[in-house]
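The following exercises concern the arrangement of helices and strands in a single protein chain. Each task is followed by a solution that proceeds step by step.

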Amino acid sequence: MFQYKKAVQVLNFFARKAEEEGVSLYKTNMLKLVYFADKKHLRESLRTITADSYIAKQKGPVARDTCALIETQAGTTEQESETVQYANTFIISEEKWRPWNRKKGIKIMSKKEVDKKVLSASDIETLTFIWSVCKADLRDLWKKTHLYPEGKKAEGGRAWAEIKEEELFSTIENDPLGEQTVAEIKNAEELYRERKEAKMAFGITT
């Protein structure tokens, strides 16, 4: 089940990091940061941070509910909810002109310090790592998502394609997301599936 408070704090975390570096984060590159954070955390801790569901689009994987939250807050879709009310306390998403291509995009900005009580120690460690390896190449970050099999699923003109959570275990040679070996990731994936099957056997859906 989507962890909207965690998702908001993830957006807030990256927005504040961007402001500290004097750079801007727009919807597309923000969603790639979220994807990489969820992917890394799943491979290492057997759960994503946001518990969001993913689809592949032309510019890589998109966390569905997190994307909807950004768009709703920016006013491009209409929906008032507890999720949006919570988000309004910590972040603001607004349509702004992007200076490098003279087109509008949704910029995400922080309003308040990150509530670290919402995030676990491993969540924060993962977010810090992802920012450190991604901050230098934010505009073209979506291209790096296409290095992974799930990131390519919408190539060739497809509007979008479903991504199953277990697909996020994929790895590549010289993977920038960490030092786990292929064997270690495969072992983690097997344990993830065993836990998933056990939950299903007991009727647990979260």
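**Exercise 1. Determine how α1 and α4 are oriented towards each other, and describe their contact.**

Step 1. In this predicted model, local features need pLDDT of at least 70, side-chain atom pairs count only at pLDDT 80 or more, and totals for chains, interfaces and linings use all residues. Residues are numbered from 1 along each chain as its sequence is written, and side-chain values use heavy atoms, with hydrogens and water left out.

Step 2. Helices (H or I, at least four residues) and strands (E, at least two) are DSSP runs, numbered from the N terminus. Axes are lines fitted to C-alpha atoms, for helices over the stretch in contact, and angles run from 0 to 180 degrees between N-to-C directions.

Step 3. The axes of α1 and α4 lie 10 Å apart, and the two helices pack at an angle of about 30°. Angles under 35 degrees count as roughly parallel, over 145 as roughly antiparallel, 65 to 115 as roughly perpendicular and the rest as oblique. α1 and α4 are therefore roughly parallel to each other.

Step 4. The crossing of α1 and α4 is right-handed; this term applies if the near helix is turned clockwise from the far one by less than a right angle, and left-handed applies if anticlockwise.

Step 5. On the α1 side, the contact (heavy atoms within 4.5 Å) is made by Y4, K5, V8, Q9 and N12. On the α4 side, E82, T83, Y86, A87 and F90 take part. By class, the contact of α1 with α4 has five nonpolar, three polar and two charged residues. Here Ala, Val, Leu, Ile, Met, Phe, Trp, Tyr, Cys and Pro count as nonpolar, Asp, Glu, Lys and Arg as charged, and the others, Gly among them, as polar.

**Exercise 2. Identify the surroundings of helix α3 (residues 64-74) and its orientation to α4.**

Step 1. The buried residues of α3 are T66, C67, L69, I70, T72, Q73 and A74. Buried means under 20% relative accessible area, exposed over 50%, partly exposed in between (1.4 Å probe, protein chains only).

Step 2. These buried residues pack against α1 (4-21), α2 (27-45), β2 (60-63), α4 (82-90), β3 (91-98) and β4 (103-110).

Step 3. The axes of α3 and α4 come within 10 Å and cross at roughly 70°. That makes α3 roughly perpendicular to α4.

Step 4. In this contact, L69, T72 and Q73 of α3 meet T83, V84, A87 and N88 of α4. The residues divide into three nonpolar, four polar and no charged.

Step 5. Just after α3, G75 takes a positive phi of about 85°.

**Exercise 3. State the strand order of the open sheet and which helices pack on it.**

Step 1. Three strands form the open sheet in the order β2-β1-β5, with antiparallel pairing. β2 and β5 (161-163) are at the edges, each with a single partner strand, so one side of each has no neighbour in the sheet. The twist averages 40° from one strand to the next.

Step 2. Two strands pair if DSSP finds at least two bridges between them. Strand β1 (residues 54-57) pairs with β2 over four bridges, in the antiparallel sense.

Step 3. α2 packs on the sheet and touches β1 and β2, its direction making about 85° with that of β2. α3 also packs on the sheet, touching β1, β2 and β5, and its direction makes about 70° with that of β2.

Step 4. Within the β1-β2 pair, I55 stands opposite V62, and Y54 stands opposite A63. The two strands form a hairpin with two residues between them.

**Exercise 4. Classify K6 as buried or exposed, and do likewise for A51 and N174.**

Step 1. K6 lies in helix α1 and, with a relative accessible area of 14%, is buried. Leaving aside its neighbours within four places in sequence, K6 is in contact with R47, I49, V118, L119, S120 and D123.

Step 2. A51 is in the loop between α2 and β1. A51 is partly exposed, with a relative accessible area of 28%.

Step 3. N174 is found in the loop between β5 and α7. With a relative accessible area of 72%, N174 is exposed.

Step 4. Most residues other than glycine have a negative phi. A51 has a positive phi of about 60° although it is not a glycine, and N174, also not a glycine, has a positive phi of about 55°.
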